[in-house]
Each structure stands twice: as structure tokens, then as C-alpha cells.
Amino acid sequence: MINSGYVLTAAEMLAAEEKLINQGTSVEILMEQAGQGAAQQIWRVSHDMPTLVLCGPGNNGGDGYVVAEWLRKKGVSVSVAAACEPKTDAAKNAHSLWQGKTYTIDNAEPKPQVIDCLFGTGLQRPVAGNLIERYLHYCENARKRIAIDVPSGVDSDTGQLLNKVPDFDLTIALGAVKPAHFIEPVRSKMGHIVAVDIGIDAESDVRVLKKPVVVRPKATDHKYTRGMVVVVAGEMPGAAKLTALAAQYSGAGYVKIFASPGFEAPHASIVVNCYESPKELAELLSDQRISVVAIGPGLGRDSKVGKIVDQVLDGNRKLVIDADALTVLGDAFVDKLKNLQQPVIATPHTGEFYAIYNDAGTSKIDATQTLAKASHATILHKGSDTVIAGPIGNSVLSNISCSWLSTAGTGDILTGIVAARLANDSISGFEAAQEGQWLHGRAAQLVGPAFSPEQLIEKIPIAMTECL
């Protein structure tokens, strides 16, 4: 994985490039490596498609001149539309080596393929005026659109759009992936994302989610050593049933549901223990064989739910907290979790996240890291751009997703998968959240379009097989 899977901000990327330069690699060589690597990716997907390269004044524009020259030498009909003259020494050098035709941004003819090299990583203001109009014009009149590093008009650190940005077919990250390659609203505009290695060797506190390694049970294992998962049910029994089934299909040795009288088990192998008061729930939770308690899916929000949640928090068990339990905790979330002794994983979607942490002014990554550190919990901030942050603030961005997961019940299934992985004593809460996220996304990819929650659950063991 490029740069060992670390995700770099604009400042971190600049520091990494300066490190290479201080070690003797010139800016011109880095630009040549980046541009030629990008051009090779473009050649693979487009071959000799007539191409227009949009070049800005900085080093992203310099990359564009390198791309254009490489494609020209391959026989591609390629021209450049320049926003202005190059401003940096490296871009000026790349421009001097370009042997094809250069037009002003106003005078070029649209081509079937457009390559966006106007502005890349580090842009903090909108592309405006005539330039944005011409940029959109060339993109709208192309059959294929490719962005170099990030599309122009994107904050590469937050994924926010600074101006209107068209949809791209391919985005080529240079040197390292950036937060914007994973965070909405820009992620879904980038199309397929590939990366070009230029020798960057830098670490950060953000990494890309990778496929986990799932260890098979030992010959001496039994249902309790593999972990007992308890799901606390509420007024909507279906959600708790999905959570319990998902935990069972994800490797838990024993799954129970604690519920009100009359609750029917989703399967004969899942035990239901009933309680009628918080005190009776406390007695059930006192079973020392319990590894993990999952609470929230279908719990409800009536007056008694707060006492149920408090009882679970007092039980000194590893926890997975989701859905209604998060809403009930609200802005007391941090105070009630920060002193717990056992690992806790919370799995909010964006609405639930801002019910427990209302600072909407920061990026999704920063906000998730801040909440994780404040609560001493692992936060799995769900969505098509899932962010997972651990209690010390290190985080992982998910590169595995499926838009078909946008249906009722799939979040309850994620809770069950994460709970089963947390029941494994050999991994941390941060690791369990990553395993659960990967398995959930991969199961969705395996099941195909327009699936039911039950069909998704059935694919979990297949996803796990890929990780053995």
C-alpha cells in the first residue's frame, strides 16, 4: 500500500516532500515521477483518447505539463489549456519540456478526455470567475474526466467543496492519499481512486482501513472462550434480533438477548433471558461469563430506557453502544463513558454523532478524534465515509463501502459484527471496530444489489473466510 497506508494532510505532504528534497531529490525529479506515473495510469484506462490538460500556475499545473508530454510521446492527440503562466520553478521547467500546443484557458477546444491539473492539495479558496466557468465547460463537454491528486476546488484536508466540482471518472493521488480521498462530499465525486508512488515515507495518526486477519478458534476453545455476546433488546425487537444474528454469524461463541417478557428468539440457538425491571437486568448482567454487551438497536427512548442504559454502563463489561442508546445518552455521553474501565465502542451515524458531540465546525476526522479522546472510547462514525477513531486519537478511514447499505437494519448488523469481534480478548476496541467495519462492507459487496438485512448477515462468514 502506498506510503504504508498513511493518510497525509497538505502540511504533512509538504513536510514529506521537503524531507525527500533535503535528502537530495529535486522538486523537478519529484514532479517528473508524479507526472509520468499519473500519465501511465491514464494511458492504461484511456489509451489514445484525444485529451485536453488543464494546467494551473503551481506544481499541480507542472504535473499536468509532464502528463501531457508523456502522452504526446505515446502518440496521443493532446493539448494544454493554461490558466496563466507557471509560477514555480519546477512548473516552469516542466512547461519548457512540453513540446505540444498550449492555449489560454479561454481559447482551447474541448476534447473527449479532460485532465484537471489546475489546483491540487492545499487549496483553501474557491476557484472563481471566468476560470471556474471554463473549468466546468471543459469538464461538461468531455466524455471522460480525470483529476490529478484532487479535483480543483477541494479542501484536501476536510473533503469540503470550495466551489462546484464535476463528477470525475478517475482521481490519481500523488505520493500519498489525502483525507479528501475518503471523506464526503467530495469522495463520491472522485470516481475510481488510484495512487502513484514517488518515494514518500511519512507517518501520520490517520491510516487507511486494511483487510483484517481473523484467527481460527483453537482446538481447545469452547463457547465461552470464544466470547458471549449479550444484546439488550427494547421496544422494537426486530433490530435486536438482527444484531444478535449478526454477532452469531461473526464468530461469537454464544449469543444471548436480554429482553422484556414475551420476546421471541430469532433462532433456536440464541437464548432469550427476560427481565421486568432494571434490578432484574442488573442480575442478568452480573454473569461473569459475559464478554460484551451490545445496546441500542431498537431500544426505544421512553422514560425507562435511561435507567436501562445506566444499568448496562454500571455492569463493567466491554460495550458496543449504538442507535437509541446514543440518543438517550445525548450530551452526557462523554461524562458517563470517560471513567469506564472496559473498552467501549460507539457506532453513531452522523445524526447520532452530533447528538452526543455538537461541534459541527470541524472536519469529520477531527470531530471523531476529539470525541474518542474525550470519552476514552473507540468511535466508529458511520457513513459512506466511515471514520474510526481510537481513545488516543489515532484513526482509520474506510476504503471499503457499498451504497446499497443505505437501508434499514444494516446498522444493527454492524453493531452485532463489532460486538462479536470485540468478544475476542486478543484485540483492542479500536481493532475490533476496524474488523467489524471491513467485514460489514465486504459482506455488502458480496451480497449484491438491493438486499435484505437477513441476506447481508448470510454473507458475513464468506467475508470472514477471506480474512482467515
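Buried here means under 20% relative accessible area. By that cut-off, helix H13 in this predicted model is mostly covered, with 12 of its 13 residues buried. The buried set runs through Thr410, Asp412, Ile413, Leu414, Thr415, Gly416, Ile417, Val418, Ala419, Ala420, Arg421 and Leu422. As for its geometry, H13 (residues 410-422) reaches 18 Å from its first C-alpha to its last, close to the 18 Å expected at 1.5 Å a residue.

Next comes the sheet. It is an open one with mixed pairing, built from 10 strands in the order E8-E17-E16-E15-E14-E13-E12-E9-E10-E11. Strands E8 (206-208) and E11 (271-274) sit at the edges with a single partner strand each, so one side of each has no neighbour in the sheet. On average, neighbouring strands are turned by 20° against each other, direction ignored. Within the sheet, E9 (residues 228-232) pairs with E12 (residues 290-295) in the parallel sense over 5 bridges, and Val232 has Ile295 of E12 as its bridge partner. Helix H8 (residues 305-313) packs on the sheet, where it touches E9, E12 and E13 (318-321), and its direction makes about 155° with that of E12.

A few backbone oddities round things off. Most residues other than glycine have a negative phi, and most peptide bonds are trans. Asn316, in the loop between H8 and E13, instead has a positive phi of about 55°; at 42% relative accessibility it counts as partly exposed. His47 also has a positive phi, about 50°, and lies in the loop between helix H2 (27-46) and strand E1 (51-55). Its relative accessibility of 45% makes His47 partly exposed. Finally, a cis peptide bond with omega of about 15° joins Glu184 and Pro185, the latter in the loop between strands E6 (170-174) and E7 (192-196).

Notes: Residues numbered from 1 in each chain as written. Predicted model: local features only at pLDDT ≥ 70, side-chain atom pairs only at ≥ 80, totals over all residues. Heavy atoms only, no water. Pairing = 2+ DSSP bridges. Helix = DSSP H or I, 4+ residues; strand = E, 2+ residues; numbered from the N terminus. Axes fitted to C-alpha atoms, helices over the stretch in contact; angles between N-to-C directions. Contact = heavy atoms within 4.5 Å. Expected span 1.5 Å × (residues − 1). Buried < 20%, exposed > 50% of the residue type's maximum accessible area, 1.4 Å probe, protein only.
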